[in-house]
Structure formats: structure tokens, C-alpha cells
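The following exercises invite the reader to work through helix packing and salt bridges step by step. Each task is followed by its solution.

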Amino acid sequence: MASIELKLKVETSAEWLPHALAHFDEVLIDHAHCEKKAAANALSLLQAYPDVPGLPAQMARLAREESAHLARVLEIMETRGLTLGRDGGDPYAQGLQTGLRSSPLERRIDRLLVAGIIEARSCERLELLATGLSDESLRRFYAELAQSEDGHQRLFLRLACAVESPAIVEARLESLLLLEAALIQRLPIRAAIH
């Protein structure tokens, strides 16, 4: 397990941060939707795979943590006079979902690895916001969240390795990371976390 690392194949474009900072209210709204979906995904994984050792308790804690992040983002939005509105969808996450295989055991490993990849990309982008924002309290908030997302991607990788051999996890992770890299390079720059 120690030898497997979730390392993104491509970095976020240098154009993303200036665009995100110029449209930060849109980023906040998208961020709230991301936290909401992360909490829902944790509960969905708990529902789908209650027999995986350690997963139910880990996903319950993760859902609680992501819900707390959502509450904090909503508080920031409220101070800025923003409302959540409807979720317009995330072409990045939708693109990754197309890579999920259909057989139950393959789908389980894919869901865990895709969740980890999303957390890794979120970590990278939240770190960028932490360095780029001028408001010190927002910088601290996003630095804290980036650290949290880093822990989450490691958790999903550990869970994947608990249900499948390291060699299979590593090979599948490589395929999904290539899919993610192609998506990042193809999708337009958006005022969004992904």
C-alpha cells in the first residue's frame, strides 16, 4: 500500500486561478454544491458497501465532515448575500463517472478511486485559492480545507487497497488518472472547484 500514490497527471491550468478569483462568488456557490455532493457520496458508499471493513464508520465521519464544510461555505455565502440555487451539474465529475465499470466488484473499486481522484483535484485547487485570495480568513479557510481533502484522497486509496490487491488498484488508478488528465485538458476553464 505504501508504494501506491494518487498523483494527478496534469496540473490545473495557470489560467484557472485568475479566473476563479475574478468570479469568486460563482466559485463559492459551486464549492457549496461540491461539499453537498461529497457528503451525499460518502453516505451512498456507506449504503452500497456496508460489508467493507471500516468503510461504514469512515464514511459516516466523512459525511459529517463534508456537511460541516458545507455549512461553513454557506455561512461565507450568506455574508456575501449569495444564495445556493440549483446545482447546474459538474462536467468534470460527470466525465469521471463515465469511466466506472459495471460489474459490482469493479464498480466498487472504481467508485473509491474516482472519489479519491476528485478529492485530489479539489485539494490542488483549494491550495491555489489559499495562495491567491487576498482575504486572510478565506486564505486560512481554504488552506485548512486543502489539508482535509488531502486526507480524504488518502482515505479512499486505503479503502480501495483494503478491497483489492495493490497491483490491481495501481493499474486501475493509472487508467482513471489518464481519464482525469484528458478531462482536465479538454474541459473549459470554469469558475468552479473542478
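**Exercise 1: Helix packing**

In this predicted model, helix 2 (residues 24-48) packs with helix 3 (residues 55-79) at an angle of about 165°, the axes lying 8 Å apart. Determine how the direction of helix 2 relates to that of helix 3.

*Solution.* Angles over 145 degrees count as roughly antiparallel. The angle here is about 165°, so helix 2 is roughly antiparallel to helix 3. The crossing of the two helices is left-handed. The residues of their contact comprise 20 nonpolar, three polar and three charged.

**Exercise 2: A salt bridge between distant parts of the chain**

Establish where Arg172 and Asp110 lie, and whether each is buried or exposed.

*Solution.* Arg172 and Asp110 form a salt bridge in which the closest N and O atoms are 2.7 Å apart. Arg172 belongs to helix 7 (residues 166-186) and Asp110 to helix 5 (residues 104-132), 62 residues apart, and the pair thus links distant parts of the chain. Buried means under 20% relative accessible area. Arg172, at 14%, is therefore buried, and Asp110, at 0%, is buried as well.

**Exercise 3: A salt bridge within one helix**

Describe the placement of Arg139 and Glu136 in helix 6 (residues 136-163).

*Solution.* The side chains of Arg139 and Glu136 meet in a salt bridge of 3.8 Å, N to O. Because the two residues are three residues apart in helix 6, about one helical turn separates Arg139 from Glu136. Arg139 is partly exposed at 28% relative accessibility, and Glu136 is partly exposed at 45%.

Definitions and conventions:
Residues numbered from 1 in each chain as written. Predicted model: local features only at pLDDT ≥ 70, side-chain atom pairs only at ≥ 80, totals over all residues. Heavy atoms only, no water. Axes fitted to C-alpha atoms, helices over the stretch in contact; angles between N-to-C directions. Helix = DSSP H or I, 4+ residues; strand = E, 2+ residues; numbered from the N terminus. Parallel < 35°, antiparallel > 145°, perpendicular 65-115°, else oblique. Left-handed = near helix turned anticlockwise from the far one by under 90°. Nonpolar A, V, L, I, M, F, W, Y, C, P; charged D, E, K, R; others polar. Salt bridge = Lys/Arg side-chain N within 4 Å of Asp/Glu carboxyl O. Buried < 20%, exposed > 50% of the residue type's maximum accessible area, 1.4 Å probe, protein only.
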